[in-house]
Amino acid sequence: MQKDTTKEIKGRSTGKIRRGKGTKADDHDNSLQCLPCLAAFSSYELSTIESKAVRKKCCRNDYLFWEGDEIRFVFVVESGYIKLFKTSEEGREIVIRIMKAGDYFCCAPIYADRKNMVNAIALEDTSLVLIPTESFHESIYAGLTPMGIRVLSTICDRVKHLSGIIESLTFKDVVKRVLMILLNAANDKDPDSNIVTLSLTHQEMASMIGTVREVVSRTMSRLRKQNIVFDSTSREFKVNKQLLIDALK
C-alpha cells in the first residue's frame with residue numbers, strides 16, 4: 001500500500017494553509033539521480049535522501065513559504081515553475097529568480113540562520129521533491145571536512161548578506177541605506193559597544209549603496225545634526241548604534 005505523508009502548502013488568496021498529500025519519493029520509479037542538481041550524490045547517499053523525501057504537487061498561486069519562516073525542507077523542482085521574490089512593507093515586489101525543473105532552493109539558509117530569505121509561490125501546477133533539512137544537512141556534512149563545513153557556512157552567510165543588499169537597494173531610500181551601512185559596519189567592528197569609531201569615506205559608502213558621493217555627504221550632514229554621527233574628521237567618525245537603530249524604525 002502506498003504510504004502517504006501530509007504536508008502543508010499555503011494558499012495565496014486567503015493566507016490560510018491548504019492541506020494536501022505528498023507521497024514518499026522512493027515510491028516512484030524514476031530516481032532522484034535523474035535531477036541534475038542531485039546527480040553528484042552517490043547511490044547510497046541518494047537512497048538515504050529518498051527514504052526521507054516526499055514528492056509534492058502544488059497548484060498555481062500556492063505559496064510554499066514566506067520570508068522569515070523557519071526552513072523545514074530543501075525543495076527540488078521536478079516540473080513547473082516557482083517564483084522566489086521579496087516584498088517591501090508597501091507591497092512592492094522584486095523577483096529574485098524563477099526556478100524551473102532541475103533547480104533546487106533553500107540550501108543556503110540551512111547553514112545561515114535557518115530562516116527563509118525570500119517568499120516562494122508556484123506560477124503553475126508544479127511537482128516538487130521536498131527533502132527534510134536534517135536529512136540534506138547530514139548528507140552534505142558526511143562528505144565534508146571540518147574546514148569544508150566552515151567554508152560552506154561562510155559562503156551561505158555571504159549569500160544572506162547579498163540578499164540583504166538586494167533588499168536594501170530595491171526597497172529602502174538613500175537615508176535608510178546609509179543608516180544600514182553604518183549599523184552593519186559598526187556591528188562588524190564592535191558588536192558589544194554602542195559608540196563605535198568607523199573609517200569610511202563618503203565615496204566608499206556611495207559605492208556600497210549604489211548612489212553618488214554628494215548624496216551621501218548630504219545624508220551624513222543630516223545625521224550629524226541628529227547626533228547619530230559625531231566627532232567627524234577627514235579620516236574617521238563615530239556613530240551611536242542605538243540612535244541608528246531608532247532611526248531605522
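Here are three short exercises with worked solutions on this predicted model.

Residues are numbered from 1 along each chain as its sequence is written. In this predicted model, local features need pLDDT of at least 70, side-chain atom pairs count only at pLDDT 80 or more, and totals for chains, interfaces and linings use all residues, while side-chain values use heavy atoms and leave out hydrogens and water.

**Exercise 1.** Find how helices α5 and α6 are oriented to each other.

*Solution.* Start with the ranges: α5 covers residues 202-209 and α6 covers residues 213-225. Next, take the angle, about 110°, with the axes 8 Å apart. Angles of 65 to 115 degrees count as roughly perpendicular, and α5 and α6 are therefore roughly perpendicular to each other. Now look at the contact (heavy atoms within 4.5 Å): α5 brings His 202, Gln 203, Met 205, Ala 206 and Ile 209, and α6 brings Arg 213, Val 216, Ser 217 and Met 220.

**Exercise 2.** Work out which state, disulfide or no disulfide, applies to Cys 58.

*Solution.* A disulfide needs two cysteine sulfur atoms within 2.5 Å. For Cys 58, the nearest cysteine sulfur belongs to Cys 59 and is 7.2 Å away, and Cys 58 is in no disulfide. The structure as a whole holds zero disulfides. As for accessibility, Cys 58 has 3% and counts as buried (under 20% relative accessible area, with a 1.4 Å probe and protein chains only).

**Exercise 3.** Compare the expected span of helix α4 with the distance between its end C-alpha atoms.

*Solution.* The expected span is 1.5 Å times one less than the number of residues. For the 16 residues of α4 (174-189) this gives 22 Å, and the end C-alpha atoms are 23 Å apart, which agrees.

Note on methods:
Axes are lines fitted to C-alpha atoms, for helices over the stretch in contact, and angles run from 0 to 180 degrees between N-to-C directions. Helices (H or I, at least four residues) and strands (E, at least two) are DSSP runs, numbered from the N terminus. Angles under 35 degrees count as roughly parallel, over 145 as roughly antiparallel, 65 to 115 as roughly perpendicular and the rest as oblique. Buried means under 20% relative accessible area, exposed over 50%, partly exposed in between (1.4 Å probe, protein chains only).
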